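Please look through the sequence and the model that follow, with attention first to the ligand and its surroundings and then to the protein as a whole.

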Amino acid sequence: MGAETAITQGKPLVGIIMGSRSDWETMEHAANTLAGLGVAYETRVVSAHRTPDLLFRYASEAEQRGIEVIIAGAGGAAHLPGMTASKTVLPVFGVPVESKALKGLDSLLSIAQMPGGIPVGTLAIGKAGAINAALLAAATLANKYPKIREALRKFREAQTLKVLSVPDPAKFVAPRSVAAAKKARKKGRRK
Ligand code: RP5
């Protein structure tokens, strides 16, 4: 984690919440992205339908606890981001988790179609949305924290270099997994 700063060691600035433990597979990409940028965050399961009192408490207390941006992921009837936004003036970014029945289209529309007056910044369905929610959260914080802006610039530079380093996909050799390398070594010893 190149961008480790005093901010990382401090209190969480971003609250990552999700409607169910089953959303973690998607939402961990938001957490990993923030960690890579050195932004302190917390993660919680907060369900709009199964734990509505916890949702109200989390959203209404987040600002006074020092949280500055909330990322909320949910799937299906995804009311968590919108209900969270209704109880706080902090920026809320919603991540539509891919649902089994409708592939996340239900989640996307539930999160995006907010009534005028209560905004939720809605991202793409699934992993891309989780990553981008974290990047947008960091960009929001970067207005106040120069170290986060710097970390974002470095992230972009590294991303560009990674793409430019493989101009011809036909010549790209994927790094071998540890398991595959061990297997190949064993096979070699047997000969
Ligand atoms: C939503 O229902 C959650 O956000 C999750 O995406 C979906 C399914 O939840 P589980 O039944 O897997 O707990 O509230």
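In this predicted model, an N or O atom in the side chain of serine 22 lies 2.7 Å from an oxygen atom of the ligand. The neighbouring position in the sequence also takes part, since a polar side-chain atom of aspartate 23 is found 2.6 Å from an oxygen atom of the ligand. Glycine 75 contributes through its backbone instead, with a polar atom placed 3.1 Å from a ligand oxygen. Taken alone, the ligand would expose 360 Å², and the protein buries 64% of that area.

The surroundings of the ligand can be read residue by residue: they consist of Gly19, Ser20, Ser22, Asp23, Arg50, Ala74 and Gly75. Sorted by class, this shell comprises four polar residues, two charged residues and one nonpolar residue. As for the site itself, the ligand sits in the second largest pocket.

Turning from the ligand to the fold, the protein contains eight helices and five strands, and their order along the sequence follows the pattern α-β-α-β-α-β-α-β-α-β-α-α-α. The C-alpha trace, taken along its principal axes, spans about 65 × 45 × 30 Å.

Charged side chains also pair with one another within this fold, and the structure holds five salt bridges. One of them joins glutamate 42 to arginine 65, whose closest N and O atoms are 2.7 Å apart. This pair links distant parts of the chain, with the two positions 23 residues apart in numbering: glutamate 42 belongs to strand 2 (residues 41–45), whereas arginine 65 lies in the loop between helix 3 (52–61) and strand 3 (69–75).

Note on methods:
Residues are numbered from 1 along each chain as its sequence is written. This is a predicted model: local features need pLDDT of at least 70, side-chain atom pairs count only at pLDDT 80 or more; totals for chains, interfaces and linings use all residues. Side-chain values use heavy atoms; hydrogens and water are left out. A residue is near a molecule or strand if one of its heavy atoms lies within 4 Å of it. A polar contact is a pair of N or O atoms within 3.5 Å; within protein, one must be able to donate a hydrogen and the other to accept it, and residues adjacent in sequence count only if both atoms are side-chain atoms. Accessible areas come from the Shrake-Rupley method with a 1.4 Å probe; for residues, only the protein chains shown count as cover. On a 1 Å grid over the protein atoms alone, a cavity is a set of points where a 1.4 Å probe fits but cannot get out, and a pocket is an open set with protein on both sides within 12 Å along at least five of seven lines; lining residues have an atom within 4 Å of a point. A molecule sits in a cavity or pocket if more than half of its atoms lie within 2 Å of its grid points. Ala, Val, Leu, Ile, Met, Phe, Trp, Tyr, Cys and Pro count as nonpolar, Asp, Glu, Lys and Arg as charged, and the others, Gly among them, as polar. A salt bridge is a side-chain nitrogen of Lys or Arg within 4 Å of a carboxyl oxygen of Asp or Glu. Helices (H or I, at least four residues) and strands (E, at least two) are DSSP runs, numbered from the N terminus.
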